[in-house]
Amino acid sequence: MPESEWQDSKDRGDNKERQSMFERALEFAMKAHRGQVRKGSSVPYIVHPIETALIVMTLSDDQDVIIAALFHDVIEDTKYGAKEIEMAFGERVARLVQAESENKRRGEDKSATWKIRKQEFIDSLSDKPKEEKVIALADKLSNMRATYQGYRKNGEAFWDRFHEKRKGMHAWYYRSVADRLREFEHTDAWKELDGLISKVFADTAPS
């Protein structure tokens with residue numbers, strides 16, 4: 001077999017294996033988030049991690065990073081933990097998901113710990129490797145897309161669905177995150193995030 005044909009065959013095999021791995025990951029994510037909906041809506045929650053993974057695909061072709069984006073809320077919000085992810089998809093994917101998982105401080109009032117949790121995430125961005133920042137950027141862009149649509153539809157009442165109900169605090173959070181991710185300002189994803197923040201919080205001073 002000529003070398004060019006062998007390489008084409010290998011590439012097809014690699015692509016088929018990657019597709020199979022992503023399909024397995026999608027099935028796992030759908031099972032993990034089954035029955036969950038986005039806050040204050042009837043939209044199935046799985047829409048968010050799928051969108052996050054699709055955004056990551058525009059920033060990276062690293063399969064582990066893409067799958068970790070699909071799983072980024074699994075440890076936080078489902079019954080599955082890092083061990084299950086590692087057993088099925090490997091140590092690196094599990095580590096990436098753990099790095100994106102917030103300390104929810106279970107048992108404490110979520111409204112009281114909201115700013116602490118968000119500040120911890122903002123601070124963590126300074127030391128995260130690029131692969132983790134890519135997932136963070138995709139996650140926040142997906143959330144801002146939903147925020148923009150929800151705010152357009154519901155106006156100021158939109159903020160009542162959150163543990164933190166002050167719009168200014170959300171302005172502080174998203175602006176801080178975008179600033180810490182400014183190394184991606186040349187990408188379409190960061191530009192869209194920045195633009196949506198400007199639209200939603202145009203007249204809002206951070207609290």
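This report describes helix 9, its packing against helix 7, and five single residues in a predicted model.

## Basis of the values

Residues are numbered from 1 along each chain as its sequence is written, and side-chain values use heavy atoms, with hydrogens and water left out. Because the model is predicted, local features need pLDDT of at least 70 and side-chain atom pairs count only at pLDDT 80 or more, while totals for chains, interfaces and linings use all residues.

## Helix 9

Helix 9 covers residues 167-180. Helices here are DSSP runs (H or I, at least four residues), numbered from the N terminus. From its first C-alpha to its last, the 14 residues of helix 9 reach 20 Å, close to the 20 Å expected at 1.5 Å a residue; the expected span is 1.5 Å times one less than the number of residues.

Of the 14 residues in helix 9, 11 are buried. Buried means under 20% relative accessible area, exposed over 50%, and partly exposed in between (1.4 Å probe, protein chains only). The buried set includes Trp172, Tyr173 and Tyr174, as well as Lys167 and His170. These buried residues pack against helix 7 (110-124), helix 8 (130-154) and helix 10 (188-200), where contact means heavy atoms within 4.5 Å.

## Helix 7 against helix 9

Two packed helices are described by the angle between their axes and the distance between the axes. The axes of helix 7 and helix 9 come within 10 Å and cross at roughly 10°. Axes are lines fitted to C-alpha atoms, for helices over the stretch in contact, and angles run from 0 to 180 degrees between N-to-C directions. The two helices are therefore roughly parallel, a label for angles under 35 degrees (over 145 is roughly antiparallel, 65 to 115 roughly perpendicular, and the rest oblique).

Helix 7 contributes Trp114, Lys115, Lys118, Gln119, Phe121, Ile122 and Asp123 to the contact, and helix 9 contributes Met169, His170, Trp172, Tyr173, Ser176, Val177 and Arg180. By class, the contact has seven nonpolar, three polar and four charged residues. Ala, Val, Leu, Ile, Met, Phe, Trp, Tyr, Cys and Pro count as nonpolar, Asp, Glu, Lys and Arg as charged, and the others, Gly among them, as polar.

## Buried single residues

His72 is found in the loop between helix 3 (63-70) and helix 4 (74-77), and is buried at a relative accessible area of 1%. The side chain of His72 makes a polar contact with the side chain of Asp139 at 3.2 Å. A polar contact is a pair of N or O atoms within 3.5 Å; within protein, one must be able to donate a hydrogen and the other to accept it, and residues adjacent in sequence count only if both atoms are side-chain atoms. Leaving aside neighbours within four places in sequence, His72 also has contacts that include His48, Glu100 and Ile135.

Arg117, in helix 7, counts as buried at 5% relative accessibility. Beyond four places in sequence, Arg117 is in contact with Glu102, Asn103, Lys104, Arg105 and Lys110.

Trp190 lies in helix 10 and is buried, with a relative accessible area of 5%. A polar atom of the Trp190 side chain lies 3.5 Å from the backbone oxygen of Leu181. Not counting residues up to four places away, Trp190 touches Ala178 of helix 9, among others including Leu137 and Phe184.

## Less covered residues

Phe22, in helix 1 (residues 3-32), is partly exposed at 22% relative accessibility. Leaving aside neighbours within four places, Phe22 is in contact with Met57, Gln63, Ile66 and Leu70.

Lys130, in helix 8, is exposed, with a relative accessible area of 56%. The C-alpha atoms of Lys130 and Leu181 are separated by 9.7 Å, although the two residues are 51 apart along the chain.
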